[in-house]
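Colleague: I'm just starting out with protein models, and I'd love some company while I read this one. Could you pick a single part, look at it closely, and then show me what surrounds it?

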Amino acid sequence: MSGKWSGLVKLAAAAAIGATVVSGATALAGSDDATAARSKEPANIGQVKNDVKAYYGDYLDAAGKHHYSDTSRFVKDTDRIVADAKRYLQQQLGKVKNPAIVLDVDDTSEITYGWEADNDFGFDPVKQQQAIDNGTFVANKPVLALANWAVQHGVKLYFLTGRNELQGPQSLKNLANEGYPAPADAFFKPKVTAPDYLPCGLTCNTVQYKSGTRAHIEATGAKIVLNVGDQFSDLEGGYALHPTKLPNPMYYLP
């Protein structure tokens, strides 16, 4: 445990002791009163961060930057889920006319873990823009392999991301540099001009934007067999035969 996290745990322990003294509680650890008190508390944020780091097999490079490990539970879970999705796609080939797959970008096609951990799991849009401009994020290897296999077998590839339309050109350049095949189309959340197929315009929430865009894709004649994302909001709203949820314990987007 690093000094930073050790300090956070110690502070949390001190806070817990202080709260017990102030409340006049004298329950010992393991007693019914102590258990009841703990059950009402939210998770300790320092411990949650440590748990997330352990899930990704976090390690630091020589420059002190965070990375995930190829032997982590995260990679094993992702490998298993993507393998199941590929089997389903393979079963549908020849059954579905004009098959297509839709991929989210952040923490689906690309992994943002190292950058997230470097920023203490906080989100800063300016820093995110810098990361996109610099091509900081890395390809999610199982998803990259799935995308290439799909295109090689006649499946159309679409990217559908919550990144805004101004981030589109650099995002597509990064994806190509990482080895992703050219998509049939790519969709970025409208920030300046909304397409006609989105009645909610510039005010769409994630589900409205993504499900409405998938409906538009299918209206062109494609049939979405796989819809792959790391958030439930990537998958809700229909217009896909097989929604595929990838693991992401770092953040939640409604």
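Modeller: Happy to! Let me start with a definition: a disulfide is a pair of cysteine sulfur atoms within 2.5 Å. Cys200 and Cys204 meet that cut-off, with their sulfurs 1.8 Å apart. Please keep in mind that this is a predicted model. When the whole structure is searched, one disulfide turns up. The torsion about the S-S bond of Cys200 and Cys204 is about 85 degrees, so this disulfide is right-handed. Cys204 has a relative accessible area of 6% and is therefore buried, since the cut-off for that word is under 20%.

Before we zoom in, here is the overall setting. The protein chain contains 10 helices and nine strands. Its length is 254 residues, and 42% of them count as buried. If you take the contacts between residues at least 6 apart in sequence, 65% of them join residues at least 24 apart.

Now for the part I'd like to show you closely, which is strand E3, residues 99-103. Five of the five residues of E3 are buried, so this strand is largely enclosed by the rest of the structure. Try following the side chains along E3: Pro99, Ile101 and Leu103 point one way, while Ala100 and Val102 point the other way.

What does E3 pair with? As a reminder, strands of a sheet pair through backbone hydrogen bonds, either parallel or antiparallel. E3 pairs with strand E6 (residues 156-164) in the parallel sense, over four bridges. You can find Ala100 standing opposite Lys156 of E6, and Leu103 opposite Phe159 of E6. E3 is also joined to E8 by five bridges, and those two strands run parallel as well. There, Val102 has Asn227 of E8 as its bridge partner.

Stepping back, these strands belong to an open sheet of five strands, ordered E7-E6-E3-E8-E9 and paired in parallel. Strand E7 (185-189) and strand E9 (242-245) are the edge strands, each pairing on one side only. From one strand to the next, the twist averages 20 degrees. A helix lies across part of this sheet: helix H7 (residues 141-152) crosses E3, E6 and strand E8 (223-229), and runs at about 160 degrees to E3.

E6, one of the partners of E3, also leads us to a pocket. The largest pocket holds about 700 Å³ of space. It is lined by 30 residues, and the closest to its centre are Asp106, Phe123, Gln128, Gly162 and Leu253. E6 gives the largest share of this lining, with four residues. Among the elements that each supply at least two residues of the lining are helix H5 (113-118), helix H6 (125-134) and helix H9 (206-219).

Two loop residues deserve a look too, and their backbone angles are the reason I picked them out. Most residues other than glycine have a negative phi. Asp120, in the loop between H5 and H6, instead has a positive phi near 55 degrees. With a relative accessible area of 30%, Asp120 is partly exposed.

The other is Tyr239, whose phi is positive and near 65 degrees. You will find Tyr239 in the loop between helix H10 (232-235) and the edge strand E9. Tyr239 is partly exposed, its relative accessible area being 43%. Leaving aside residues up to four places away in sequence, Tyr239 touches Ser211, Arg214, Ala215, Glu218 and Ile224. The C-alpha atom of Tyr239 is also 9.3 Å from that of His216, a residue 23 places away along the chain.

To tie this back to where we zoomed in: E3 has E6 and E8 beside it in the order of the sheet, H7 lies across all three of these strands, and the five residues of E3 are buried.

Methods
Residues are numbered from 1 along each chain as its sequence is written. This is a predicted model: local features need pLDDT of at least 70, side-chain atom pairs count only at pLDDT 80 or more; totals for chains, interfaces and linings use all residues. Side-chain values use heavy atoms; hydrogens and water are left out. Two strands pair if DSSP finds at least two bridges between them. Axes are lines fitted to C-alpha atoms, for helices over the stretch in contact, and angles run from 0 to 180 degrees between N-to-C directions. Contact means heavy atoms within 4.5 Å. Buried means under 20% relative accessible area, exposed over 50%, partly exposed in between (1.4 Å probe, protein chains only). On a 1 Å grid over the protein atoms alone, a cavity is a set of points where a 1.4 Å probe fits but cannot get out, and a pocket is an open set with protein on both sides within 12 Å along at least five of seven lines; lining residues have an atom within 4 Å of a point. Grid points are joined across faces, edges and corners, and a volume is the space filled by probe spheres set on the points.
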